[in-house]
Amino acid sequence: MGYIGDTIAEIKEELAPFNATLIAVTKTYPAETVREAYDAGHKVFGENKVQEMQAKQPLLPEDVQWHLIGHLQTNKVKYAAPFVSMIHSVDSIRLLAEINKQALKNNRIIPCLLQIHIAEEETKFGLSASEATELLLDENYRKMTHIRIEGVMGMATFTEDQNQIRKEFRSLRLMFDELRKHADAGSEGFRHISMGMSGDYKIALEEGSTLVRIGSRIFGSRN
Ligand SMILES: *Cc1c(COP(=O)(O)O)cnc(C)c1O
């Protein structure tokens with residue numbers, strides 16, 4: 001099947017006992033590389049930049065599911081809204097309002113995740129637990145008809161320290177359990193924990209991840 005297909009198959013075997021879904025992260029790789037994964041039977045891809053996702057989307061079949069996993073600026077939402085399958089990086093009510101507005105224009109409901117800050121590093125985006133709770137209790141959110149918040153996303157600190165990573169993923173899992181109580185979608189709709197990348201997805205699975213975002217392990221290192 002080739003290296004990409006074989007690696008995807010291998011990862012899917014690892015995910016199966018955990019019932020988790022693989023998002024193959026294709027940022028920086030050309031559409032031909034995405035196509036190779038598609039031809040091997042994979043259809044769920046992640047991009048961290050709207051423009052790059054938008055450029056690749058028409059080059060691939062319609063049934064590809066595109067997940068936006070990187071920071072999203074309000075003025076770029078309109079480019080993703082016509083086709084994006086899920087936005088993992090919601091970090092403000094203002095951004096959520098814009099996603100709702102653009103989803104309405106496109107006559108779609110867009111599934112979203114709240115990005116939570118769990119890492120020690122200050123550079124990573126995301127809400128604190130209390131900010132996320134506040135957002136879920138915000139009356140304006142309750143009025144939004146064209147988005148659905150389906151869970152949380154987080155990135156662990158970039159470190160060799162496995163215990164640190166595990167601690168951070170565990171904290172995201174606990175926040176998920178708490179936030180779920182406030183979720184409009186109800187406990188069934190609020191069901192995703194997007195955590196785990198090439199270097200740490202095994203720990204993330206053990207800590208309850210439902211969506212892993214894996215790039216370099218499948219496609220090779222980006223420079
Ligand atoms: C790039 C990226 C990934 C994948 O990282 P790898 O280490 O290549 O697996 C996952 N999540 C986000 C938000 C990313 O930007």
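Colleague: Are Phe 176 and Phe 190 buried or exposed?
Modeller: This is a predicted model, and the answer rests on accessible area, where a residue under 20% relative accessible area counts as buried. By that cut-off, Phe 176 and Phe 190 are both classed as buried.

Colleague: How many aromatic pairs does the count come to, and how is the pair of Phe 45 and Trp 66 classed?
Modeller: The count of aromatic pairs comes to three. In the pair formed by Phe 45 and Trp 66, the ring centres lie 6.1 Å apart and the planes make an angle of 40 degrees. Planes under 30 degrees apart count as stacked and those over 60 as edge-to-face, so with its 40 degrees this pair falls into the remaining class, which is called tilted.

Colleague: How many residues apart are Phe 45 and Trp 66?
Modeller: Phe 45 belongs to strand β2, which covers residues 44–47, while Trp 66 belongs to strand β3, which covers residues 65–68. The pair therefore links distant parts of the chain, and the separation is 21 residues.

Colleague: Why does Trp 66 count as buried?
Modeller: A residue is called buried if its relative accessible area is under 20%. Its partner Phe 45 meets this with a value of 0%, and Trp 66 counts as buried because its relative accessibility is 1%.

Colleague: What is the angle between the planes of Phe 176 and Phe 190?
Modeller: These two residues form an aromatic pair with 5.2 Å from centre to centre, classed as stacked, and the angle between their planes is 15 degrees.
Phe 176 lies in helix α8 (residues 162–180), whereas Phe 190 lies in the loop between α9 (186–189) and β7 (192–194). The pair is 14 residues apart, and the angle asked for is 15 degrees.

Colleague: How many salt bridges does the structure hold, and which residue does Arg 217 meet in one?
Modeller: The number of salt bridges in the structure is 15. In one of them, with a distance of 2.6 Å from N to O, the side chain of Arg 217 meets that of Glu 10.

Colleague: How many residues apart in sequence are the parts that Arg 217 and Glu 10 tie together?
Modeller: Arg 217 sits in helix α11 (residues 216–219) and Glu 10 in helix α1 (residues 3–15). Arg 217 is partly exposed at 24% relative accessibility, and Glu 10 is partly exposed as well, at 44%. Because the two residues lie in these two helices, the parts they tie together are separated in sequence by 207 residues.

Colleague: Which residue meets Glu 206 in a salt bridge?
Modeller: This bridge has an N to O distance of 2.7 Å, and it links helix α10 (residues 201–206), where Glu 206 lies, with helix α8. The partner in helix α8, 40 residues away from Glu 206, is Arg 166.

Colleague: Which oxygen-bearing neighbour is it that meets Arg 166 at 2.8 Å, N to O?
Modeller: The bridge ties together parts 41 residues apart in sequence, because Arg 166 lies in helix α8 and its partner in the loop between α10 and β8 (211–214). Arg 166 is partly exposed at 24% relative accessibility, whereas the partner counts as buried at 9%. That partner is Glu 207.

Colleague: How much of the ligand's accessible area does the protein cover?
Modeller: The residues surrounding the ligand include Val 25, Asn 48 and Met 155. Polar side-chain atoms of Ser 198 and Arg 222 lie 2.5 Å and 2.8 Å from an oxygen atom of the ligand. Of the 390 Å² that the ligand has on its own, the protein covers 91%.

Terms used. Residues numbered from 1 in each chain as written. Predicted model: local features only at pLDDT ≥ 70, side-chain atom pairs only at ≥ 80, totals over all residues. Heavy atoms only, no water. Near = heavy atom within 4 Å. Polar contact = N/O pair within 3.5 Å; in protein donor to acceptor, adjacent residues only side chain to side chain. Areas by Shrake-Rupley, 256 points an atom, 1.4 Å probe, with all protein chains shown as cover. Phe/Tyr/Trp six-rings, centres within 6.5 Å; stacked < 30°, edge-to-face > 60°. Helix = DSSP H or I, 4+ residues; strand = E, 2+ residues; numbered from the N terminus. Buried < 20%, exposed > 50% of the residue type's maximum accessible area, 1.4 Å probe, protein only. Salt bridge = Lys/Arg side-chain N within 4 Å of Asp/Glu carboxyl O.
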